[in-house]
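Dear colleague,

I am handing over the structure below, and after it I set out what was found. Please read the notes with the model open beside them.

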Amino acid sequence: MRNDIHVLVIGGGIAGMAASIALRGTGIKVDLCERDPQWKVYGAGITITGPTLRAMGRLGILQDVLAEGYAADGIDICSAEGKHLFTVDTTNEALGGIPSAGGILRPVLHRIMQRRLQHLGVSPTLGVEVESLALEGEKSKVLFSNGTTVEYDLVVGADGIYSDTRTRLFPGTSSPRYAGQLCWRLMTARHPSIERRTFFLGGRAKVGLNPVSTDQMYMFYLEAQSTPVRRDEAGQHLVLHELMEGYSGVLAEVREALSSSSNIICRPLETVFVDDRWNRGNVVLIGDAAHATTPQLASGAGMGIEDGLVLAEEVFKAHDVPTALDAFMARRYGRCKLVVDSSLEISRLERERAAPEAQTAVVEKALVQLNREF
Ligand SMILES: Cc1cc2nc3c(=O)[nH]c(=O)nc-3n(C[C@H](O)[C@H](O)[C@H](O)COP(=O)(O)OP(=O)(O)OC[C@H]3O[C@@H](n4cnc5c(N)ncnc54)[C@H](O)[C@@H]3O)c2cc1C
(Lines give C-alpha, C1' and ligand atoms only; values in the text may rest on other atoms or scores of the structure.)
Protein backbone atom coordinates (compact mmCIF):
# COMPACT_ATOMS: atom_id res chain seq x y z
CA MET A 1 0.00 0.00 0.00
CA ARG A 2 1.33 3.47 -0.92
CA ASN A 3 0.47 5.66 2.02
CA ASP A 4 3.48 7.90 1.34
CA ILE A 5 1.76 9.78 -1.48
CA HIS A 6 -0.81 12.56 -1.15
CA VAL A 7 -2.98 13.23 -4.21
CA LEU A 8 -5.44 15.99 -5.04
CA VAL A 9 -8.21 15.22 -7.54
CA ILE A 10 -9.90 18.32 -8.95
CA GLY A 11 -13.47 17.58 -10.11
CA GLY A 12 -16.01 15.06 -8.87
CA GLY A 13 -17.39 13.89 -12.22
CA ILE A 14 -17.09 10.33 -13.50
CA ALA A 15 -13.32 10.59 -14.19
CA GLY A 16 -12.49 12.33 -10.91
CA MET A 17 -14.57 9.89 -8.87
CA ALA A 18 -13.02 6.92 -10.70
CA ALA A 19 -9.49 8.19 -10.05
CA SER A 20 -10.29 8.85 -6.39
CA ILE A 21 -11.79 5.37 -5.93
CA ALA A 22 -8.91 3.63 -7.70
CA LEU A 23 -6.16 5.63 -5.96
CA ARG A 24 -7.75 5.26 -2.53
CA GLY A 25 -8.20 1.55 -3.22
CA THR A 26 -4.42 1.18 -3.33
CA GLY A 27 -4.04 2.96 0.02
CA ILE A 28 -3.04 6.35 -1.39
CA LYS A 29 -4.29 9.40 0.50
CA VAL A 30 -6.73 11.29 -1.73
CA ASP A 31 -8.37 14.70 -1.41
CA LEU A 32 -11.22 15.36 -3.86
CA CYS A 33 -12.44 18.88 -4.49
CA GLU A 34 -15.61 19.63 -6.42
CA ARG A 35 -16.69 23.14 -7.26
CA ASP A 36 -20.46 22.48 -7.26
CA PRO A 37 -21.70 22.76 -3.64
CA GLN A 38 -24.65 20.47 -4.54
CA TRP A 39 -22.51 17.97 -6.50
CA LYS A 40 -25.33 17.73 -9.06
CA VAL A 41 -25.43 15.92 -12.37
CA TYR A 42 -28.06 16.42 -15.07
CA GLY A 43 -30.68 13.72 -15.48
CA ALA A 44 -29.90 12.18 -18.86
CA GLY A 45 -29.18 8.56 -19.66
CA ILE A 46 -25.77 7.29 -20.61
CA THR A 47 -24.75 4.33 -22.76
CA ILE A 48 -22.20 1.97 -21.28
CA THR A 49 -20.11 -0.24 -23.55
CA GLY A 50 -18.60 -3.61 -22.62
CA PRO A 51 -15.16 -2.10 -22.03
CA THR A 52 -16.76 0.49 -19.75
CA LEU A 53 -18.56 -2.25 -17.78
CA ARG A 54 -15.22 -4.09 -17.50
CA ALA A 55 -13.60 -0.94 -16.07
CA MET A 56 -16.54 -0.51 -13.70
CA GLY A 57 -15.91 -4.06 -12.50
CA ARG A 58 -12.36 -3.08 -11.54
CA LEU A 59 -13.68 -0.09 -9.64
CA GLY A 60 -15.93 -2.44 -7.66
CA ILE A 61 -19.23 -1.00 -8.92
CA LEU A 62 -20.26 -3.45 -11.66
CA GLN A 63 -22.87 -5.36 -9.64
CA ASP A 64 -24.56 -2.13 -8.56
CA VAL A 65 -24.52 -0.79 -12.13
CA LEU A 66 -26.07 -4.01 -13.47
CA ALA A 67 -28.69 -4.00 -10.69
CA GLU A 68 -29.66 -0.34 -11.07
CA GLY A 69 -29.05 0.10 -14.81
CA TYR A 70 -29.67 -2.14 -17.83
CA ALA A 71 -27.46 -4.50 -19.82
CA ALA A 72 -28.02 -6.32 -23.10
CA ASP A 73 -25.60 -7.40 -25.83
CA GLY A 74 -25.63 -6.01 -29.37
CA ILE A 75 -26.81 -2.93 -31.24
CA ASP A 76 -29.95 -3.25 -33.37
CA ILE A 77 -29.69 -1.24 -36.58
CA CYS A 78 -33.03 -0.12 -38.01
CA SER A 79 -34.14 2.07 -40.91
CA ALA A 80 -35.82 5.42 -40.27
CA GLU A 81 -39.13 3.59 -40.76
CA GLY A 82 -38.24 1.30 -37.86
CA LYS A 83 -37.51 -1.81 -39.97
CA HIS A 84 -34.83 -3.99 -38.40
CA LEU A 85 -31.86 -4.16 -40.80
CA PHE A 86 -29.18 -6.05 -38.87
CA THR A 87 -27.65 -6.44 -35.41
CA VAL A 88 -24.08 -5.48 -34.60
CA ASP A 89 -22.55 -8.16 -32.40
CA THR A 90 -20.83 -6.40 -29.49
CA THR A 91 -19.81 -9.55 -27.60
CA ASN A 92 -16.13 -10.29 -27.32
CA GLU A 93 -14.07 -12.89 -25.48
CA ALA A 94 -11.75 -10.19 -24.14
CA LEU A 95 -14.64 -8.95 -21.98
CA GLY A 96 -14.47 -12.13 -19.94
CA GLY A 97 -18.19 -12.87 -19.96
CA ILE A 98 -19.51 -9.54 -18.74
CA PRO A 99 -22.32 -7.93 -20.76
CA SER A 100 -21.07 -6.06 -23.83
CA ALA A 101 -23.49 -3.11 -23.72
CA GLY A 102 -25.92 -1.31 -21.45
CA GLY A 103 -27.25 1.96 -20.15
CA ILE A 104 -27.87 3.82 -16.91
CA LEU A 105 -29.18 7.17 -15.71
CA ARG A 106 -26.35 9.59 -14.94
CA PRO A 107 -27.65 10.47 -11.46
CA VAL A 108 -27.91 6.74 -10.65
CA LEU A 109 -24.31 6.14 -11.77
CA HIS A 110 -23.15 9.14 -9.75
CA ARG A 111 -24.90 7.82 -6.64
CA ILE A 112 -23.26 4.41 -7.09
CA MET A 113 -19.81 6.00 -7.43
CA GLN A 114 -20.45 8.31 -4.47
CA ARG A 115 -21.38 5.30 -2.33
CA ARG A 116 -18.10 3.61 -3.32
CA LEU A 117 -16.15 6.74 -2.40
CA GLN A 118 -17.89 6.87 0.95
CA HIS A 119 -17.15 3.19 1.53
CA LEU A 120 -13.44 3.91 0.94
CA GLY A 121 -13.50 6.90 3.23
CA VAL A 122 -13.07 9.64 0.62
CA SER A 123 -15.25 12.63 1.43
CA PRO A 124 -15.09 15.42 -1.14
CA THR A 125 -14.71 19.06 -0.29
CA LEU A 126 -17.69 20.64 -2.04
CA GLY A 127 -18.06 24.21 -3.24
CA VAL A 128 -14.30 24.66 -3.41
CA GLU A 129 -11.98 25.41 -6.33
CA VAL A 130 -8.25 25.73 -6.82
CA GLU A 131 -7.20 29.40 -6.68
CA SER A 132 -3.55 28.86 -7.56
CA LEU A 133 -1.23 25.98 -8.22
CA ALA A 134 2.56 26.30 -7.97
CA LEU A 135 5.05 23.60 -8.92
CA GLU A 136 7.71 23.49 -6.22
CA GLY A 137 10.29 20.77 -6.91
CA GLU A 138 8.54 17.42 -6.64
CA LYS A 139 5.46 18.93 -4.99
CA SER A 140 2.60 21.18 -6.05
CA LYS A 141 1.47 23.84 -3.62
CA VAL A 142 -2.28 24.38 -3.97
CA LEU A 143 -4.21 27.36 -2.64
CA PHE A 144 -7.94 26.62 -2.41
CA SER A 145 -10.78 29.13 -2.63
CA ASN A 146 -11.56 28.47 1.06
CA GLY A 147 -8.16 29.93 1.96
CA THR A 148 -6.35 26.68 2.82
CA THR A 149 -2.99 25.73 1.30
CA VAL A 150 -1.83 22.12 0.91
CA GLU A 151 1.23 20.51 -0.74
CA TYR A 152 0.58 17.47 -2.95
CA ASP A 153 2.77 14.84 -4.61
CA LEU A 154 0.32 14.55 -7.51
CA VAL A 155 -2.53 16.76 -8.73
CA VAL A 156 -5.14 15.25 -11.07
CA GLY A 157 -7.16 17.68 -13.19
CA ALA A 158 -10.50 15.92 -13.79
CA ASP A 159 -12.44 19.14 -14.19
CA GLY A 160 -14.16 18.39 -17.49
CA ILE A 161 -14.19 19.80 -21.01
CA TYR A 162 -13.83 23.43 -19.86
CA SER A 163 -11.01 22.48 -17.48
CA ASP A 164 -9.37 25.36 -15.60
CA THR A 165 -6.48 23.01 -14.88
CA ARG A 166 -5.93 22.53 -18.63
CA THR A 167 -5.96 26.31 -19.16
CA ARG A 168 -3.39 26.63 -16.36
CA LEU A 169 -1.11 23.91 -17.77
CA PHE A 170 -1.48 24.74 -21.46
CA PRO A 171 -2.37 28.44 -21.65
CA GLY A 172 -3.84 29.50 -24.99
CA THR A 173 -4.18 26.01 -26.47
CA SER A 174 -6.66 23.16 -26.69
CA SER A 175 -10.00 24.97 -26.44
CA PRO A 176 -13.18 22.94 -27.07
CA ARG A 177 -14.17 22.76 -30.74
CA TYR A 178 -17.76 22.54 -32.00
CA ALA A 179 -18.30 19.30 -33.94
CA GLY A 180 -21.20 20.30 -36.23
CA GLN A 181 -24.05 18.55 -34.41
CA LEU A 182 -26.52 19.27 -31.64
CA CYS A 183 -27.34 16.32 -29.41
CA TRP A 184 -30.96 16.07 -28.27
CA ARG A 185 -31.64 13.69 -25.41
CA LEU A 186 -35.06 12.67 -24.15
CA MET A 187 -35.79 10.52 -21.11
CA THR A 188 -38.96 8.49 -21.42
CA ALA A 189 -40.69 5.21 -20.51
CA ARG A 190 -39.04 2.15 -22.06
CA HIS A 191 -40.94 0.92 -25.10
CA PRO A 192 -41.41 -2.87 -24.79
CA SER A 193 -39.88 -3.41 -28.24
CA ILE A 194 -36.59 -1.74 -27.22
CA GLU A 195 -34.54 -4.47 -25.62
CA ARG A 196 -31.06 -3.19 -26.37
CA ARG A 197 -29.25 -0.21 -27.84
CA THR A 198 -31.09 0.55 -31.11
CA PHE A 199 -29.98 2.94 -33.85
CA PHE A 200 -32.26 4.31 -36.56
CA LEU A 201 -30.13 5.22 -39.57
CA GLY A 202 -30.77 6.61 -43.05
CA GLY A 203 -33.26 9.33 -42.05
CA ARG A 204 -32.74 13.08 -41.52
CA ALA A 205 -30.47 12.37 -38.56
CA LYS A 206 -29.04 9.54 -36.52
CA VAL A 207 -31.48 8.60 -33.78
CA GLY A 208 -31.00 6.03 -31.03
CA LEU A 209 -32.94 4.49 -28.18
CA ASN A 210 -31.30 2.79 -25.22
CA PRO A 211 -32.85 1.28 -22.10
CA VAL A 212 -31.36 2.64 -18.86
CA SER A 213 -33.45 0.47 -16.52
CA THR A 214 -36.23 -2.05 -16.93
CA ASP A 215 -38.82 0.71 -17.26
CA GLN A 216 -36.93 3.71 -18.66
CA MET A 217 -35.01 4.49 -21.84
CA TYR A 218 -33.41 7.52 -23.41
CA MET A 219 -33.48 8.74 -26.96
CA PHE A 220 -30.71 10.69 -28.64
CA TYR A 221 -31.17 12.62 -31.87
CA LEU A 222 -28.10 14.12 -33.56
CA GLU A 223 -29.07 17.24 -35.49
CA ALA A 224 -26.55 18.50 -38.05
CA GLN A 225 -26.07 22.27 -37.55
CA SER A 226 -23.20 24.29 -38.94
CA THR A 227 -23.28 26.64 -35.94
CA PRO A 228 -23.95 25.73 -32.29
CA VAL A 229 -27.41 27.31 -31.89
CA ARG A 230 -28.83 27.45 -28.36
CA ARG A 231 -32.41 26.20 -28.14
CA ASP A 232 -34.97 27.94 -25.96
CA GLU A 233 -35.84 25.38 -23.26
CA ALA A 234 -39.54 26.27 -23.18
CA GLY A 235 -40.18 25.31 -26.80
CA GLN A 236 -37.76 22.40 -27.08
CA HIS A 237 -40.45 19.74 -27.37
CA LEU A 238 -41.96 21.55 -30.37
CA VAL A 239 -38.61 21.75 -32.17
CA LEU A 240 -37.89 18.08 -31.46
CA HIS A 241 -41.40 17.18 -32.66
CA GLU A 242 -40.67 18.92 -35.94
CA LEU A 243 -37.20 17.37 -36.29
CA MET A 244 -38.68 13.87 -35.83
CA GLU A 245 -41.20 14.27 -38.62
CA GLY A 246 -41.01 11.40 -41.10
CA TYR A 247 -39.88 8.75 -38.63
CA SER A 248 -42.32 5.91 -38.16
CA GLY A 249 -42.72 2.90 -35.87
CA VAL A 250 -41.57 3.32 -32.28
CA LEU A 251 -40.02 6.74 -33.02
CA ALA A 252 -43.37 8.02 -34.23
CA GLU A 253 -44.88 6.89 -30.90
CA VAL A 254 -42.13 8.68 -28.97
CA ARG A 255 -42.72 11.79 -31.08
CA GLU A 256 -46.46 11.80 -30.48
CA ALA A 257 -45.91 11.60 -26.70
CA LEU A 258 -43.70 14.74 -26.61
CA SER A 259 -45.09 17.54 -24.45
CA SER A 260 -43.97 20.63 -22.56
CA SER A 261 -43.23 18.38 -19.56
CA SER A 262 -40.94 16.03 -21.54
CA ASN A 263 -37.46 15.67 -20.05
CA ILE A 264 -35.36 17.05 -22.93
CA ILE A 265 -31.74 18.24 -22.96
CA CYS A 266 -30.19 19.76 -26.09
CA ARG A 267 -26.44 20.45 -26.18
CA PRO A 268 -23.93 21.29 -28.92
CA LEU A 269 -21.34 18.52 -29.35
CA GLU A 270 -17.81 19.69 -28.63
CA THR A 271 -14.46 18.00 -28.57
CA VAL A 272 -10.99 18.58 -27.12
CA PHE A 273 -7.85 16.54 -27.47
CA VAL A 274 -4.61 17.62 -25.81
CA ASP A 275 -2.20 16.54 -28.52
CA ASP A 276 0.80 16.60 -26.24
CA ARG A 277 1.69 15.11 -22.87
CA TRP A 278 -1.23 15.58 -20.50
CA ASN A 279 0.98 16.60 -17.61
CA ARG A 280 3.22 19.43 -16.60
CA GLY A 281 5.41 18.24 -13.75
CA ASN A 282 3.23 16.39 -11.25
CA VAL A 283 -0.07 17.89 -12.49
CA VAL A 284 -1.91 15.63 -14.94
CA LEU A 285 -5.17 15.86 -16.86
CA ILE A 286 -7.61 12.97 -17.15
CA GLY A 287 -11.10 12.43 -18.57
CA ASP A 288 -12.75 15.17 -20.61
CA ALA A 289 -10.15 17.68 -19.42
CA ALA A 290 -7.62 15.85 -21.63
CA HIS A 291 -9.78 14.17 -24.28
CA ALA A 292 -13.45 15.14 -24.56
CA THR A 293 -15.08 13.14 -27.32
CA THR A 294 -18.34 13.38 -29.21
CA PRO A 295 -20.61 10.51 -28.08
CA GLN A 296 -20.77 8.33 -31.22
CA LEU A 297 -18.84 5.47 -29.57
CA ALA A 298 -20.45 6.05 -26.16
CA SER A 299 -17.00 5.78 -24.63
CA GLY A 300 -16.20 9.18 -23.09
CA ALA A 301 -17.15 8.16 -19.57
CA GLY A 302 -15.49 4.78 -20.04
CA MET A 303 -12.21 6.43 -21.06
CA GLY A 304 -12.40 8.63 -17.95
CA ILE A 305 -12.89 5.58 -15.73
CA GLU A 306 -10.01 3.73 -17.41
CA ASP A 307 -7.79 6.82 -16.95
CA GLY A 308 -8.45 6.69 -13.22
CA LEU A 309 -7.69 2.97 -13.00
CA VAL A 310 -4.49 3.18 -15.06
CA LEU A 311 -3.25 6.23 -13.15
CA ALA A 312 -3.74 4.42 -9.82
CA GLU A 313 -2.00 1.28 -11.10
CA GLU A 314 1.01 3.21 -12.38
CA VAL A 315 1.34 5.41 -9.30
CA PHE A 316 1.16 2.32 -7.12
CA LYS A 317 3.84 0.52 -9.16
CA ALA A 318 6.34 3.32 -9.81
CA HIS A 319 9.12 4.59 -7.56
CA ASP A 320 8.27 8.19 -8.35
CA VAL A 321 5.49 10.29 -9.87
CA PRO A 322 7.31 11.23 -13.15
CA THR A 323 7.84 7.52 -13.95
CA ALA A 324 4.19 6.82 -13.19
CA LEU A 325 3.03 9.65 -15.46
CA ASP A 326 5.26 8.45 -18.33
CA ALA A 327 3.72 4.99 -18.05
CA PHE A 328 0.22 6.50 -17.75
CA MET A 329 0.71 8.53 -20.96
CA ALA A 330 2.08 5.50 -22.83
CA ARG A 331 -1.04 3.48 -21.96
CA ARG A 332 -3.69 6.19 -22.42
CA TYR A 333 -2.78 8.52 -25.30
CA GLY A 334 -3.40 6.18 -28.27
CA ARG A 335 -6.54 4.61 -26.85
CA CYS A 336 -8.20 7.95 -26.08
CA LYS A 337 -7.12 9.39 -29.44
CA LEU A 338 -8.76 6.41 -31.17
CA VAL A 339 -12.05 7.22 -29.41
CA VAL A 340 -11.96 10.95 -30.26
CA ASP A 341 -10.87 10.44 -33.90
CA SER A 342 -13.27 7.56 -34.63
CA SER A 343 -16.17 9.44 -33.04
CA LEU A 344 -15.46 12.49 -35.21
CA GLU A 345 -15.24 10.22 -38.27
CA ILE A 346 -18.65 8.72 -37.48
CA SER A 347 -20.01 12.24 -36.88
CA ARG A 348 -18.81 13.22 -40.36
CA LEU A 349 -20.47 10.16 -41.92
CA GLU A 350 -23.71 10.94 -40.08
CA ARG A 351 -23.72 14.52 -41.34
CA GLU A 352 -23.07 13.26 -44.89
CA ARG A 353 -25.89 10.73 -44.43
CA ALA A 354 -23.58 7.87 -45.37
CA ALA A 355 -24.99 4.34 -45.68
CA PRO A 356 -25.73 2.58 -42.33
CA GLU A 357 -23.08 -0.05 -43.15
CA ALA A 358 -20.39 2.64 -43.59
CA GLN A 359 -21.26 4.17 -40.21
CA THR A 360 -21.40 0.91 -38.30
CA ALA A 361 -18.14 -0.28 -39.90
CA VAL A 362 -16.27 2.49 -38.03
CA VAL A 363 -18.06 1.57 -34.79
CA GLU A 364 -17.16 -2.11 -35.18
CA LYS A 365 -13.52 -1.39 -36.03
CA ALA A 366 -13.09 0.85 -33.00
CA LEU A 367 -14.88 -1.65 -30.72
CA VAL A 368 -12.40 -4.38 -31.70
CA GLN A 369 -9.58 -2.13 -30.41
CA LEU A 370 -11.46 -0.98 -27.32
CA ASN A 371 -12.37 -4.53 -26.32
CA ARG A 372 -8.65 -5.22 -25.93
CA GLU A 373 -7.18 -4.82 -22.48
CA PHE A 374 -6.12 -1.30 -21.62
C1 LIG B 1 -24.26 14.69 -25.40
C2 LIG B 1 -23.29 13.75 -24.75
C3 LIG B 1 -23.61 12.41 -24.63
C4 LIG B 1 -22.69 11.53 -24.05
N5 LIG B 1 -23.02 10.21 -23.97
C6 LIG B 1 -22.11 9.35 -23.46
C7 LIG B 1 -22.43 7.98 -23.39
O8 LIG B 1 -23.50 7.56 -23.77
N9 LIG B 1 -21.48 7.14 -22.87
C10 LIG B 1 -20.26 7.59 -22.42
O11 LIG B 1 -19.44 6.78 -21.97
N12 LIG B 1 -19.95 8.90 -22.49
C13 LIG B 1 -20.85 9.78 -23.00
N14 LIG B 1 -20.55 11.09 -23.06
C15 LIG B 1 -19.25 11.54 -22.55
C16 LIG B 1 -19.28 11.63 -21.03
O17 LIG B 1 -20.40 12.30 -20.58
C18 LIG B 1 -18.01 12.35 -20.55
O19 LIG B 1 -16.88 11.84 -21.20
C20 LIG B 1 -17.84 12.22 -19.05
O21 LIG B 1 -18.99 12.61 -18.35
C22 LIG B 1 -16.65 13.08 -18.63
O23 LIG B 1 -16.46 12.96 -17.25
P24 LIG B 1 -15.41 13.92 -16.55
O25 LIG B 1 -15.44 13.52 -15.12
O26 LIG B 1 -14.12 13.90 -17.27
O27 LIG B 1 -15.97 15.39 -16.72
P28 LIG B 1 -17.32 16.04 -16.13
O29 LIG B 1 -18.43 15.08 -16.13
O30 LIG B 1 -17.51 17.32 -16.86
O31 LIG B 1 -16.97 16.35 -14.60
C32 LIG B 1 -16.14 17.43 -14.26
C33 LIG B 1 -16.43 17.75 -12.81
O34 LIG B 1 -15.49 18.74 -12.37
C35 LIG B 1 -16.17 19.79 -11.71
N36 LIG B 1 -15.36 20.99 -11.92
C37 LIG B 1 -15.24 21.73 -13.04
N38 LIG B 1 -14.35 22.72 -12.86
C39 LIG B 1 -13.90 22.61 -11.59
C40 LIG B 1 -12.97 23.33 -10.83
N41 LIG B 1 -12.33 24.39 -11.34
N42 LIG B 1 -12.74 22.96 -9.56
C43 LIG B 1 -13.39 21.89 -9.01
N44 LIG B 1 -14.30 21.16 -9.71
C45 LIG B 1 -14.54 21.51 -10.99
C46 LIG B 1 -17.53 19.84 -12.36
O47 LIG B 1 -18.49 20.46 -11.53
C48 LIG B 1 -17.80 18.36 -12.58
O49 LIG B 1 -18.39 17.76 -11.45
C50 LIG B 1 -21.44 12.00 -23.60
C51 LIG B 1 -21.12 13.36 -23.70
C52 LIG B 1 -22.04 14.22 -24.28
C53 LIG B 1 -21.68 15.68 -24.39
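This is a predicted model, in which local features need pLDDT of at least 70 and side-chain atom pairs count only at pLDDT 80 or more, while totals for chains, interfaces and linings use all residues. Residues are numbered from 1 along each chain as its sequence is written.

I begin with helix 4 (residues 106-119), where helices (H or I, at least four residues) and strands (E, at least two) are DSSP runs numbered from the N terminus. Its buried residues (20 or more other C-beta atoms within 10 Å of a residue's own, against 12 or fewer for exposed and partly exposed in between, with C-beta atoms placed from the backbone) are Val108, Leu109, Ile112, Met113, Arg116 and Leu117. These buried residues of helix 4 pack against helix 1, strand 3 (45-49), helix 2 (50-59), helix 3 (62-68) and strand 7 (101-105), a contact being a pair of C-beta atoms, placed from the backbone, within 7 Å. Helix 4 has 14 residues and reaches 20 Å from its first C-alpha to its last, close to the 20 Å expected, where the expected span is 1.5 Å times one less than the number of residues. Glycine 121, with a positive phi near 85°, follows helix 4.

The largest nonpolar core (buried Ala, Val, Leu, Ile, Met, Phe, Trp, Tyr and Cys residues joined through C-beta atoms within 7 Å) has 89 residues, and those with the most contacts inside it are Ala18, Ala19, Val156 and Ile286. Helix 1 (residues 14-25) gives the most to this core, with 8 residues. Apart from it lies another core, of 9 residues, among them Ala298, Val340, Ala366 and Leu370. Not counting residues up to four places away in sequence, alanine 18 touches Leu59, Gly304, Ile305, Gly308 and Leu309.

Around the ligand there are 30 residues, of which Gly11, Gly13, Gly160, Gly287 and Gly300 come nearest; a residue is near a molecule or strand if its C-beta atom, placed from the backbone, lies within 6 Å of it. Helix 1, strand 2 (29-34), strand 3 and helix 9 (300-317) are the elements that give two or more residues to this shell, and helix 9 gives the most, with 4 residues. The shell divides into 10 nonpolar, 12 polar and 8 charged residues, where Ala, Val, Leu, Ile, Met, Phe, Trp, Tyr, Cys and Pro count as nonpolar, Asp, Glu, Lys and Arg as charged, and the others, Gly among them, as polar.

Turning to the strands, which pair if DSSP finds at least two bridges between them, there is an open sheet of 6 strands in the order 8-2-1-12-19-18, with mixed pairing. Strand 8 (125-126) and strand 18 (279-280) stand at the edges, each with a single partner strand, so one side of each is left without a neighbour in the sheet. Strand 18 runs antiparallel to strand 19 (residues 283-285), joined by 2 bridges, and arginine 280 stands opposite valine 283 in strand 19.

Strand 16 (residues 216-224) is mostly covered, with 7 of its 9 residues buried. Strand 13 (residues 177-189) is joined to strand 16 by 9 bridges in the antiparallel sense, while strand 15 (residues 206-211) pairs with strand 16, also antiparallel, over 6 bridges. A hairpin of 4 residues connects strand 15 to strand 16.

With best regards

How values were computed:
Two residues are in contact if their C-beta atoms, placed from the backbone, lie within 7 Å.
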